[in-house]
Amino acid sequence: MRLTAATWPETTGAPLVVVPLGSVEQHGRHLPVATDTVVAQAVAEAVVPRLDGALLAPALAYGASGEHEGFPGTISIGTEALSALLVEYGRSAGRWAGRLLVVNGHGGNLDALRTAVPLLRAEGRDVAWFPCGVPGGDAHAGRTETSLMLHVEPGAVREALAAAGETAPISELLPRLRAEGVRAVSPDGVLGDPAGASAAEGAELLTALGDRMLAAVARWAVDGTGRLRS
C-alpha cells in the first residue's frame, strides 16, 4: 500500500515503511535528471507488494549531488542537509512505524546515509538503507542506468543522443571527481557507455535488484553503516 493513500488507522502498527531516495542531477544528454529517483522508486514499487503490511512512502527526490553541479538542471541539497533530513524523517516515522528502509538510488547520498542511519539506530530506531547498485554496472548514465530507464520509463530516454563518456574505472576517476566534479572528467556527464542498453536488460536488472532487496529485508542484517547486508 502507498502511504499517501492510507488513512491513519491503516498505518497503525505498520511493520515497515519503505522510502525511495534519489537525486535531481544531470545524466548525460539522453537521460532525465530524475533518473536516480525513478530507479529507486521502481525498485521499491517492485518489492513493497511482496512485503506483508509494508507501506511505500513518497520518494525523497533531492540528494547530495555536488559533483554534478557543473551541469545545469542539477539541484543538490548537500550531505549535511540530507543527513539532517534523514535523521528528522527517521525520528518522525519511528514514532509509529516498526521499521524504516531507505532505498537509495544515488551514490552521492552515501555519506549522508552512513551518518544519519547509524545515529537513528543508536537512538533505538530500527532503520536501514539498501543500495540500488548493480554489480559490474557502469558508474553513471551508461548501459546500466540506460537499460533500467528503457524498461521503467522509456519515453524519458533520448536514445538518439546516447553516447559514450569517460569509461575509465571509477576507482581511477574518484580523486578528480571529488576535486573537480564530473564535468571536468566527462564534458557530457556520462561515466560509462550506454551502447547495447535495452529494455529487456533493464527488466532483468530490475528483477535482480528487487529479489536482492527482498532477501535482504527478510534477513534484516544491518552493518555498521546502516546498510542492509545482501
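For the exercises below, Ala, Val, Leu, Ile, Met, Phe, Trp, Tyr, Cys and Pro count as nonpolar, Asp, Glu, Lys and Arg as charged, and the others, Gly among them, as polar. The structure is a predicted model.

**Exercise 1. Describe the largest pocket by its volume, its lining and the classes of residue found there.**

Solution. Begin with the space itself, which for the largest pocket comes to a volume of about 1400 Å³. Next, turn to the lining, which is made up of 43 residues, with G107, G108, L110, A139 and I170 lying nearest the centre of the pocket. Then assign these residues to elements: α2, α4 (110-122), β4, α5 and α6 (170-180) each give two or more residues to the lining, and the largest share, five residues, is the contribution of α6. Finally, sort the lining by class, which yields 17 nonpolar, 15 polar and 11 charged residues.

**Exercise 2. Work out the order of the strands in the open sheet, and explain why β2 and β4 each have one side without a neighbour there.**

Solution. First, take the pairings of β3 one by one. Strand β1 (residues 17-21) pairs with β3 in the parallel sense over five bridges, and within this pairing V18 stands opposite L101 while V19 stands opposite V102. On the β4 side, β3 is again joined by five bridges in a parallel arrangement, with N104 of β3 opposite P131 of β4. Placing the four strands together gives the order β2-β1-β3-β4 with parallel pairing. In that order β2 (55-56) and β4 stand at the edges and have a single partner strand each, so one side of each is left without a neighbour in the sheet.

**Exercise 3. Decide whether the two faces of β3 are covered or open, and relate L101 to the largest nonpolar core.**

Solution. The cut-off needed here is that a residue is buried when its relative accessible area is under 20%. In a regular strand, side chains alternate between the two faces of the sheet. Applied to β3, one side carries L100, V102 and N104 and the other carries L101 and V103, and as these are all buried, both faces are covered. Five of the five residues of β3 are buried, so the strand is largely enclosed by the rest of the structure.

Now follow L101 outward: leaving aside neighbours within four places in sequence, its contacts include V17, V18 and V19, as well as A128, W129 and F130, and also M213 and V217. The largest nonpolar core has 36 residues, and L101 is listed with V18 and M213 as having the most contacts inside it. Two or more residues of this core come from each of α2 (35-47), β3 (100-104), β4 (127-131), α5 (143-152) and α8 (199-219), and α2 gives the largest share, seven residues. A second core, separate from this one, has 21 residues, among them V17, L55, A57 and A97.

**Exercise 4. State how many cavities of 30 Å³ or more the structure holds, and characterise the largest cavity.**

Solution. The count is one cavity of 30 Å³ or more, and the largest cavity holds about 40 Å³ of space. Its lining consists of R29, H30, L161, A162, A163, D188 and V190, which by class gives four nonpolar, one polar and two charged residues.

Technical notes:
Residues are numbered from 1 along each chain as its sequence is written. This is a predicted model: local features need pLDDT of at least 70, side-chain atom pairs count only at pLDDT 80 or more; totals for chains, interfaces and linings use all residues. Side-chain values use heavy atoms; hydrogens and water are left out. A nonpolar core is a set of buried Ala, Val, Leu, Ile, Met, Phe, Trp, Tyr and Cys residues joined through side-chain atoms within 4.5 Å. Buried means under 20% relative accessible area, exposed over 50%, partly exposed in between (1.4 Å probe, protein chains only). Contact means heavy atoms within 4.5 Å. On a 1 Å grid over the protein atoms alone, a cavity is a set of points where a 1.4 Å probe fits but cannot get out, and a pocket is an open set with protein on both sides within 12 Å along at least five of seven lines; lining residues have an atom within 4 Å of a point. Grid points are joined across faces, edges and corners, and a volume is the space filled by probe spheres set on the points. Two strands pair if DSSP finds at least two bridges between them.
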